[in-house]
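Reader: Please take a close look at one part of this model, the open sheet and the helices lying across it. How are the strands ordered, and how far may the surrounding prediction be read?

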Amino acid sequence: MRRLLLAAAAPALGAAIFIAASVGPTAPGARSGAENDAAGPPGASITALQDHLRRQPKDTRSWATLGLTYVEEARASGDTAYYPKAQGAVDRALSLPGDDDLALSAAGALAAARHDFAAALRWGDRATAANPYSAHAQTVRTDALVELGRYDEAAAAARRADELQPGLPTFARLSYLAELRGDTKTATALLRRSHGPATAPADAAFVRFHLGELARGRGDYQLADREYAAALAAAPSYVPALAGRARVAAAMGDLDAAAGRYRSVVSRLPLPEYLTEFGELLESLGRDAEAQEQYDVVRMTVELASANGVSADLEIALFEADHGDRAVALRAAQAEWKRRRSVDVADALAWALHVNGRDAEALKYARLATSLGTKDARLRYHRGVIEDALGRSADSRRSLSAALALNPQFSPLHAERARAVLGRMS
Amino acid sequence: MSLIPGLPSPATRNRAGAALAVGALLTAAGLASLAPGGAAASSHREAPRISGLPQYDNTDTYAFVSPDKPDSVTFVANWIPLEEPAGGPTFYPWATDARYDINIDNDGDAKADIVYRWTFDNSYRNRNTFLYNTGKVTSLDDPDLNFRETYKLEVIDRDKGDRYPLTSRGPVAPSFVGNASMPNYQALRDQAVLSVGGGVKSFAGQAEDSFFLDLRVFDLLYGGDLSEVGNDTVAGYNVNTIALQVPTNKLTDGDDPVIGVWSSTSKQNSSGEWVQVSRLGMPLVNEVVIPVKDKDRFNASRPKDDAQFLKYVTSPEVPKLIQAIYGIPAPAEPRNDLVQAFLTGVPGLNRPKNVTPSEQLRLNTSIKPTANPKRLGVIDGDLAGFPNGRRLTDDTIDITLQVAEGELVGSPNDLGDGVDKNDVAFGTRFPYVALPFSGSAPRGSGGSSSNAASLLTGGKGQDGARPALSSSGMAMPIGVAGLGLLTVVGGAVALRRRPETTTDAPSAA
Amino acid sequence: MKRRVIVVLAALGGLALLAEPAAAHPLGNFTVNRASQLVVGLDGLRVNHVQDIAEVPTAQAKPRINGDLAGWARQTCAAAASAMVVSVAGRAAPLEVASATASFRPGEAGLDVTRLECGLAASYPELAGEASVLFEDRAAGDRVGWREVTAGGDRTTLAASDVPAASASRGLTAYPPDLLSSPPDQQAAHLRVRPGGPAAAVAFGADPAAELGPLTPGADRLTAAFGNLVAGRTLTLSVLLVAVLAAAGLGAAHALAPGHGKTVMAFFLAGRSQGSLRAAATVGATVTAAHTAGVLALGLLVTAGTAVAPAAAYPWLTAVSGALIVAVGGTLVREARRPHGHHHHRDAEPELVHAAHVHSHGHSHGHSHGHSHGHAHYSPSPSRRGLVAMGLAGGLLPSPSALVVFLGATALGKAWFGVLLVVAFGAGMALTLMATGLAVLHAGRRLTRTMRGRLVPTWAAGLARRLPLGTAVVVCLLGSFIAAQGLSAAVG
C-alpha cells in the first residue's frame, strides 16, 4: 500500500517537476544590470524590472508591476504576445506570499482584456479589500463596471480613483463616462487637461486619438483629422489613429485614400472592427469580392480569439448581424446580454433582433441603448430603422435625422441606408 | 549555468518509483504545451493604467542647521529618482499640475504651521521645435535654452492665516544636457540660486542624487539574505532638487528650538481639488516601516493621523526579518526607542516641548553644526546628525538599520549597506548639493565607498568580525529541472544494483 | 498490480509519443515575426531572412498567394530585399534575391501559419581591411512581432557588432517562453568587420536545425550551451574530453524527450525472456550505429551544399521507423502465441505463474531452470534480428541537436572531431534507452519477486499469462501509430 502510494506520488512529482522546469523562468542572467535597480512604482521601465526580478524572484510587488506593465504594453503596441507574459507574471505574483493589491489589480486587468468583466470586477474588489487606497484597484473596477453596464457605480469608482491618484488614467475614464452620458463638452475638456509636454508619447497618442473621435462623432471631420495627425506625430505606429484617419477620409468623400489607409490598418492590426469597416467601405464601392475577403478574416479572428479564451460574443453579434448568419448573431447577442448589460450590448441585441424580424423586442433594447444620451450616430440609426420597421414614422424620422445631424457620414454603408430610409418616408 | 543539469545522480529510494517516474515524464513531456495565445485587443475602451508618478514622488528630505550660517536652517527635498543623465529628449521637467511643499510644525501639534510651496510652469521659447536647447546655453536667459521652467514660491503661515509670494518667476536650473550644450553648468547653477529677501534663499533644479545606498539592502524584504553589499546603486544618477534656506527665527515658535519637517506633493484632481499623493519626513519610513499594503494610505495621510501607523513602529518588521534570516534576536517589543526616533523625537535631543506623536523629521535648531560631521550621526556621538535633522552626509541606511536592530537599547551592531558616503562631494555653500552629472559623460558603473561587505558588517565599513553568510541559491529553476532528470537517471542507475534477496539465476545485471 | 500500473503508465507514455505539441503560434495570432541573419563574407554578404507569419496575416495573404506559394515567396522576398538598406565601407550594396521559399504549417483553430525564407545576397569589392557594415530593415516596423537581427562572419571577423551572433529564437523556430524578456525589436545592425576568420558553420540558405523543427525543445537550450562551450576553443585534450562527455550527456538528455522509442523499447525488453542485459546492449549498440550513420549522412549532404530539405525526409523516416516497430511487434506476437512448454524464463511473467505452481516445481527449481534454458528460449537469429530492428527504429531519426553539434565541429575545421562527438552523442542516447528499458524490466522483476511465495488470485495469474501477448500487441499498435503519423505528415 505504501509502495503504491509512493509509486503514485513519484510520477506526479516527476510530471510537476518537468512542467515547472519547462515553463519556469530561466536561469538568472548576468549581474550587469543589477546596479540599475529601479524596482518600484508602476512606470519603471520593463528592462529594469526584468533585471531586478532575475536577481530577486521573490519580489511580489515587482512581479505585479511587471504584469501590469506587460498588460499596458499589449494595449499600447497591439502585440498580444505580452498577454501570456502578463499572465505568467501575475501568476507568479499571486503565488508568492502576501495578498498584493497590485497583483490582484493586474489579474483584473488581464481578465478585462479577455472580456471577462465579471471576473475583472471580482479581482478589483479583492484588490480594494487588500488596499482601500489603491487607485489601480479602482481603475480596474471602473473599467469592469462600465462594461457591465453599471454606470453609476463605475462613476463612483472613477471618482474614487481620481481622489487617490489623479492623472491621465483617471481623467480618461471620467472623460469616457461623460461621453457615455452625452456630455461631450466635459469629455473633451477632461482629455485636454490630461496631457502635457511631459506625457509619454503612447499616452499622448491615446488622448489625441480620443479627442479626434469626439470631434468626428459630432461631424467636425477637419478637427478630427488634425487630432489623429497629432496622435501619429506622437506615436507614428499608433494604429487606432491610422484607423481614425481612414474614417475621416471616408467621411470626407476621399474613398480611395480611405481604402488605402484601411488596408494599412488591417495589415498592422486586423481587429474585427477595422476589418468590418474596411469591408463595408469596399462594399459601398461595389468591390464585393474584396469586401468578402475582409469578412472572412473577421470570422477567423473571432475564432482565434475564442480559441484563446477571449469572449468574443459582442464582436460576433455585431458582425454576423450585418454580414453573416442572423441566427448566430442573435444567439451571441443574447449570450452576451446575459453576461452584461452595457449600452453597446443593448444596441447589438437590438440590431440582432431586428435582422431576425423581431422588431417589437428590438425597440425595447434600442431604447435602452440610447437611454444614457450618448451622442453616437449609430445607436440612433439602429433605433430609427427599428422604429421604421414598426411603422412608427415620426419616431423613426426623429431618430434618423438626429443620427445624420450628429455625424452625417458616420459610415460609408450605413449613412446611405439611413438617408434612403428617410428619403422613403418623405 | 550547468551544462547538463542533474546528470551527476544520487540514487533515489524507490527504484520502482523511479521507473514510474520515467513513464510520468514521458506523459508530462508529451502533454506539455505552449502557453495559450494572448487575448485579442478588444473593441471596448481601454485606457492607460499606469500614470507617470516620478514627478510627484518624494525621494528624500533633509533638514539641517546651515554649516556656513548657523543662524539659519537649510531644507533640501528631492524628487524623480534615478534620472539618467543622458535623459533626452524631454529630460525631467517638474510637474506643472502639482504643489511641492515643505511643511514645518514648530509647536509639536502634528499640523503644519508654516508651508513653503513651489509650483512650476514651463514653456518653449520657440514653439516650432520641441528641442530642449537650440544651441550653447551660457545663461538662464540665453535664447538657446528653448525649454524654460520657472517657479512661484509662496509661504503660508497657517497660524496667522497669511500667505504671500516670495517669488513669482524663480528660475529653474535646467537638466544638464551635455558639455557641448552647457559648457559652464556652474554658472547656470549659480544663476538659479535666488535670494528672495529676508535672508531667505531658494533653489530649484537638477542636482546629483545626494542619497547613497546599496539598494540590494531592500532585498531583505523578500527574504534574500545578502552576503555582498557595498555598491552605491544610485551613484551616477541625478534628481530634481528643491532647496531653501531660512533664518531660524522665522521658523521656530517661542523658545522651543525644535521644528518638525516633512515634504509633500499634491496634485489636482478632475474637480480641481488638491489631493496629496506623496509624503516624506524621516527617510526610509515608507520603504521599511510601512508595509506594502499601507504605502498608499501613508502617502495620502497627514501627520496628525499617524496614530494609525503606531503598530508598525512599536512592532517593526525589519528586526523580525533579520532574526529569521540571520538568527540575531530582535529587541523586545514594544519598541519605544523607535517611537522616540520616528514619532516624537528623542528627549533631550530633538523632542519638542509638547509633542503629538507623528512621523516627522525633527531638528533641534539650537545644536550647532560641527566641523567634523560623523556619518553615523547621533549613535556615533555627533549630536548634530541624524536623527536630529538630516544632513547630506548622514548615512541614514546604516543608522536606521542599526537603530532598528537595537543600537539604542543595548544591542549594538554593525548593520549596514557598506556604502558610507556619496560618490560625489557636497558643496560648502547653499544649496550644498553637487552639480548634476552631464548628459555627455558616460555614466560610471557606480562607485563603491568601501570593500564589499555583508549586511551584517556593512555598517562598520571595514572587514567585520562576523563571517559573511552565503547567499541563498538563486538557481531554483535549474535545480527543479535538474531534479526532474535526477529522478529519472538516478532511478535507472539505482536499478542496476544486484538485488539482495534473490537466489535465482537469471542473467540480471 | 504494480505491473499493471507500469503498463498503463507506459501506455500513456506511448500515447505521449503521438501527442503533437500544441501548435499555437507562440507570439500571438496577429504577428509577423522576422529574423535577419547577416553573414558577412570577404566579397559579398548574405542575409538569411525568415518571416514567421501568424494565422491572421496568413489568412489575409492567402488571396494574394492564390495557390502559387513559390511565386508569392519570390515577390515577398523581393519586397523585403528592397526595403533593406545595406552599406559596406560607405558604399551601398543592394540586395538581390537568391532563393525564396514559403511553406504552410498548421496553426491554431485549424488555420495555417506561414514560414517564409529568403536568401538575399549582395556583393562588393573584396575587403582590404577593417570596414563598417550598416544594415537597416526599413519594413521591420510595419508589423507587430518579434524583430531580430543577428550577424556573423564568413571568413571574416566581427570586431564590433551591436546585434548578437546567435538567434534567440533559433531562426524563429523556438521562442523562449521567458517571462523576463520582451520580444526583441532590432531593426538595424552596425558592424565593423575584418578580413580573416572561420568559415560560417552553416551552408547558405539552410539552417538545418531550424529546418528540422523543434523536435526536442528542451535540448535546444542545451545544444546552444554546448555550442558555446565548444565554439572558438582550441582543441586541447581537456577540451576534447569535456566535449565528448558533454556530447554523450547531451545525447542522454536528448533521448529523454519524447519521440525516441523509449516506450517501445521498454515494452520490448519487458517482453524478453532473458539475457536482458545483452539484449539491451545489442539494442544500444545498434541505436548508436544507426543514429551516427544517419547524422553523418545528413550532415555530409548539408555541408556539401545540396539543396536537400531535411524536413521532407523526416516524415518518411518516421514511417519507416514505425514499420520496423510493427514488424518487431509482429514477431513478438508470433512468439507469444507459441505453445508454452517450459516457459519459466520469461522474466516477469513466469515468476507469477511460478508462484501459482510453486508446489509442483519447488524442489527441482534450480535443476530444471538450467535444463529448460535450452528449450524455452528463442532461437538466436530472430531475436537478434528483433533487437537490431529495435535499434534501427530507435536510431533512425537523426537528432537535430547532433546535427548541429557535427556541423559546429566541422566549422572549426575538424571533421573527425565532429564524428567523435556524434558517436558520443549516439552512445549517450543509447545509454538512456537501455536504462529506460532495464528500469522497467527490473521494476517488473522486483514486483514479481516480492509477489513470490504469496498466493495470487487467478485473475492476476491469467493476466500475467497474457501479458507477453499484450505487450507485443501494444508494440504493434504503437508502431502502426508512428508509421501512420509519419505517412500522414509525408503526404499531407
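Author: The following account treats the sheet, its helices and the confidence of the chain.

This is a predicted model, in which local features need pLDDT of at least 70, side-chain atom pairs count only at pLDDT 80 or more, and totals for chains, interfaces and linings use all residues. Residues are numbered from 1 along each chain as its sequence is written, chains are lettered from A and ligands numbered from 1 in the order written, and side-chain values use heavy atoms, leaving out hydrogens and water.

In chain C, five strands form an open sheet of mixed pairing, in the order 5-6-2-1-8. Strands (E, at least two residues) and helices (H or I, at least four) are DSSP runs numbered from the N terminus, and two strands pair if DSSP finds at least two bridges between them. Strand 5 (96–106) and strand 8 (147–153) of chain C are the edges, each pairing on one side only. From one strand to the next the twist averages 15 degrees. Strand 1 (residues 32–40) of chain C runs parallel to strand 8 of chain C, joined by seven bridges; C:Val39 has C:Gly152 as its bridge partner there.

Helix 2 (residues 55–65) of chain C lies across strands 1, 2, 5 and 6, at about 70 degrees to strand 6 of chain C. Angles run from 0 to 180 degrees between N-to-C directions, with axes fitted to C-alpha atoms, for helices over the stretch in contact (heavy atoms within 4.5 Å). Helix 3 (residues 69–82) of chain C crosses strands 2, 5 and 6, at about 125 degrees to strand 5 of chain C.

Confidence, given as pLDDT (per residue, from 0 to 100), is highest in helix 3 of chain C, at a mean of 94, and lowest in helix 12 (residues 365–376) of chain C, at 35. Where pLDDT is low, the predicted coordinates should not be read in detail.

Conventions: pLDDT is the predictor's confidence in each residue, from 0 to 100.
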